[in-house]
Amino acid sequence: MKSGKCLALFILLFAVVLAIPKEANAVVDLRLNYGLLVSNTNLDALCTACGGSVPSIVPTYGLGADVVVNLPIPLMPGIGLRYEDMGLTTSGNGIDIKESYTRTSLLLNYHIIDTLIYLGPIVTWGLSHSTSLKATENGTVKADYTGGSQTSFSLGLEGGAHLAGFIVGGEIGYMDFRWKDARDSTGNNSTQDINMSGTYLKLAVGYSF
């Protein structure tokens, strides 16, 4: 996983936010998160050239960062950006599957409860994606999907606690994540619509300014 790249982005977001003048009483949340996406993708359909039984899919996992601006306006949701760097590796019967993606999304959240603890809905909408899925059998690449048109959105519930400015929380929800017309570059020029949708979980730590 490219955790160093994700951490560097989090530090960059921190520096940018500090450099931007904010309205009085506006609050900026900076958060680092670790997450899982549990998909039901059919890997057999993605590696028809594999001779053996394709292993079952496992959850993608990885790090991410959020920056959220909360303006002092009644009923105004928090508005921000989310970056995720996720991947999976699964093996069996001489077949190795490696999948990875990055995702940058618009983030909206609203805290129904917002005291020492917070609770409320959170929505993201994918703005930019990079995706890759490769299947190797006994050292030979059998499928290598990249490109296409990716779309994603998520709807979840987040909750946690504010502790002297520090944030500790979690998030659970559903992500709709589709890779349309992903092209296999191994020579057959076939395309597949890959559905990576499923339930996601995140744990987050951060700080409010």
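**Empty space and confidence in a predicted model**

Visitor: What makes some parts of this predicted protein model more trustworthy than others?

Guide: Confidence is lowest in helix α1 (residues 3-19), with a mean pLDDT of 56, and highest in strand β11 (residues 198-208), at 97. The pLDDT scale is the predictor's confidence in each residue and runs from 0 to 100. Where pLDDT is low, the coordinates should not be read in detail.

Visitor: How do you know what the confidence is for the protein overall?

Guide: From the mean pLDDT, which is 88, and from the 87% of residues that reach 70 or more.

Visitor: What makes up the secondary structure?

Guide: The protein has two helices and eleven strands. Along the sequence the pattern reads α-β-α-β-β-β-β-β-β-β-β-β-β.

Visitor: Why is one empty space called a cavity and another a pocket?

Guide: A 1.4 Å probe fits in a cavity but cannot get out, whereas a pocket is an open set of points. The structure holds one cavity of 30 Å³ or more. The largest cavity has about 60 Å³ of space, and the largest pocket has about 300 Å³.

Visitor: Which residues are closest to the centre of the largest pocket?

Guide: They are Asn70, Leu71, Met76, His111 and Asp114, out of 17 lining residues. By class, that lining has eight nonpolar, seven polar and two charged residues.

Visitor: What makes a residue part of the lining of the largest cavity?

Guide: A lining residue has an atom within 4 Å of a grid point of the space. For the largest cavity, the lining residues include Arg31, Asp66, Arg82, Tyr118, Glu158, Gly169 and Lys202. Strands β1 (27-39), β9 (166-184) and β11 each supply at least two lining residues, and β9 gives the largest share, three residues.

Visitor: How do you know which classes line the largest cavity?

Guide: Asp, Glu, Lys and Arg count as charged, and Gly is among the polar residues. Sorted that way, the lining of the largest cavity has six charged, three polar and two nonpolar residues.

Visitor: What makes a residue count as buried, and how many of the residues are?

Guide: Buried means under 20% relative accessible area. In this protein, 42% of the 209 residues are buried. The protein exposes about 10,400 Å², with carbon and sulfur atoms supplying 63% of it.

Visitor: How do you know which contacts join residues at least 24 apart in sequence?

Guide: A contact means heavy atoms within 4.5 Å. Among contacts between residues at least 6 apart in sequence, 67% join residues at least 24 apart.

Notes
Residues are numbered from 1 along each chain as its sequence is written. This is a predicted model: local features need pLDDT of at least 70, side-chain atom pairs count only at pLDDT 80 or more; totals for chains, interfaces and linings use all residues. Side-chain values use heavy atoms; hydrogens and water are left out. On a 1 Å grid over the protein atoms alone, a cavity is a set of points where a 1.4 Å probe fits but cannot get out, and a pocket is an open set with protein on both sides within 12 Å along at least five of seven lines; lining residues have an atom within 4 Å of a point. Grid points are joined across faces, edges and corners, and a volume is the space filled by probe spheres set on the points. Helices (H or I, at least four residues) and strands (E, at least two) are DSSP runs, numbered from the N terminus. Buried means under 20% relative accessible area, exposed over 50%, partly exposed in between (1.4 Å probe, protein chains only). Accessible areas come from the Shrake-Rupley method with a 1.4 Å probe; for residues, only the protein chains shown count as cover.
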